[in-house]
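The following exercises are to be worked through with the sequence and the structure at hand. Each task is followed by a solution in steps.

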Amino acid sequence: MTKEEIFDTVKNITVDELDVDADKVTMDAKIKDDLDADSLDVFEIMNELEDKFDIELDADEGIQTVGDVVDFVQKQLDEK
Amino acid sequence: MQDVKIISTASYNPPCVVTNDQLTTLMDTSDEWIKSRTGISRRHISQGENTADLAVKVGKQLLINTNISPSQVDLIIIATMSPDAYTPSTAAIVQGRLGMANAVAFDISAACTGFVYAFNTAELLLKSTAWQTAIVIGAEVLSKLVDWHDRNTAVLFGDGAGGVLLKKVTTTVPLTLGRHWQTYGQLGDKIVAGQTKPGDHFPKELTALSPFTMAGREVYRFATHEVPASIEQAARVAQINLDAVDHFILHQANVRIIKQIAKRLKQPLTKFPVNITEYGNTAAASEPILLAECVRKGIVKRGEIIALSGFGGGLSTGTTIIKY
């Protein structure tokens, strides 16, 4: 799966969960600061990604931007 | 046929209310932070009353409501993760205090799932023995186990008790239509409270119990996946569609978790009554407190189908779908 494909999925889930404008969800967007998410919103985005990709995202430490999430998912997919 | 009926419900929460703003004087938190992440505004905290004291108040109320004398009660089960002592059981204390000399009494320890396990256990025992009457109470003084300087857990918990009186009846409708219980012991370390330690020298001095610790992300993932699965499995056993369930009385852990469970079950939030705003998470007491409130307010009516679902420490889940 390409990075673009993962980004599209992350973007769709983020827009749905956070009820934010799709244009705001860029690779550089900070999830908590720019998209106004709290820790439980991040949990839910991770939940949805886990279900969608059949992977486990155990920790959310270090995740700041949408790009970090995309990289994290890609890493888990590569290790599958 | 012979089956079991909920004859009465009752609840009690200690009068002392602690608001989110009061907690800001103890730890770095805010009313907005707690409310938006948990749905909790206040919690009732015991001042001097222990778990059995709360349960006695509920038991007494159940006896008054039903005009049943203490000697007529055959069984009392208390679900609690904050018992007065390792022994005697909280149920035995309540049995003694209320003069229920003919009742067999024991506790069930399954944290926030405890009430469903105790409820089904009492129901099945009544159905399979000559016993006629049982009292089932969820009671907690969780404030005994809270580290009031840990903002990750201290904001969540409260104290209270709720219960039901069950009676064997001749009926055409069974009480429980379907149930599902499951335990996930490999995830046991994700919610821990009251841990004890063996001595590494002799003689060892008595040590205090450990306070609550919780792995937030894992517990959130567990609750939002396994609780909908448990409710769906109980509905399958009951051979009903979830649309036929009138009310989902869920363990009041976190309003955001309840919203996600509703979303995953594709059921309207209006079918999920909540009272966590007022009481916080009261573990095994939360479902019977909510059930009693819903009955009192006329939200839950006779003949309606209710899914009672508990989840938490163990980790564990338990759902029973009943016709009230």
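**Exercise 1.** In this predicted model, determine the sign of phi at Gln239(B), and describe the helix that comes before this residue.

*Solution.* Step 1: Gln239(B) has a positive phi of about 55°. Step 2: this residue stands just after helix 6 of chain B. Step 3: helix 6 covers residues 216-238, 23 residues in total. Step 4: from first to last C-alpha the helix reaches 32 Å, which is close to the expected 33 Å at 1.5 Å a residue.

**Exercise 2.** State how many residues of chain A and chain B are in contact, and what area is buried between these chains.

*Solution.* Step 1: chain A contributes 16 residues, in contact with 14 residues of chain B. Step 2: about 1300 Å² is buried between the two chains, and carbon and sulfur atoms give 37% of this area. Step 3: of the area that chain A buries against chain B, 40% is supplied by Leu40(A), Phe43(A) and Asn47(A), more than by any other three residues.

**Exercise 3.** Characterise the polar side of the interface between chain A and chain B, and identify the elements of chain A that take part.

*Solution.* Step 1: there are 8 salt bridges across the interface. Step 2: Asp41(A) forms a salt bridge with Arg256(B), with the closest N and O atoms 3.0 Å apart, which is within the 4 Å limit. Step 3: the interface also has 11 residue pairs in polar contact. Step 4: helix 1 (3-18) and helix 2 (39-53) of chain A are the elements that give two or more residues to its side. Step 5: helix 2 provides the largest share, 10 residues. Step 6: by class, this side of chain A has 10 charged, 4 nonpolar and 2 polar residues.

Key:
Residues numbered from 1 in each chain as written. Chains lettered and ligands numbered in written order. Predicted model: local features only at pLDDT ≥ 70, side-chain atom pairs only at ≥ 80, totals over all residues. Heavy atoms only, no water. Contact = heavy atoms within 4.5 Å. Buried area = accessible area lost by both parts, 1.4 Å probe. Salt bridge = Lys/Arg side-chain N within 4 Å of Asp/Glu carboxyl O. Polar contact = N/O pair within 3.5 Å; in protein donor to acceptor, adjacent residues only side chain to side chain. Helix = DSSP H or I, 4+ residues; strand = E, 2+ residues; numbered from the N terminus. Nonpolar A, V, L, I, M, F, W, Y, C, P; charged D, E, K, R; others polar. Expected span 1.5 Å × (residues − 1).
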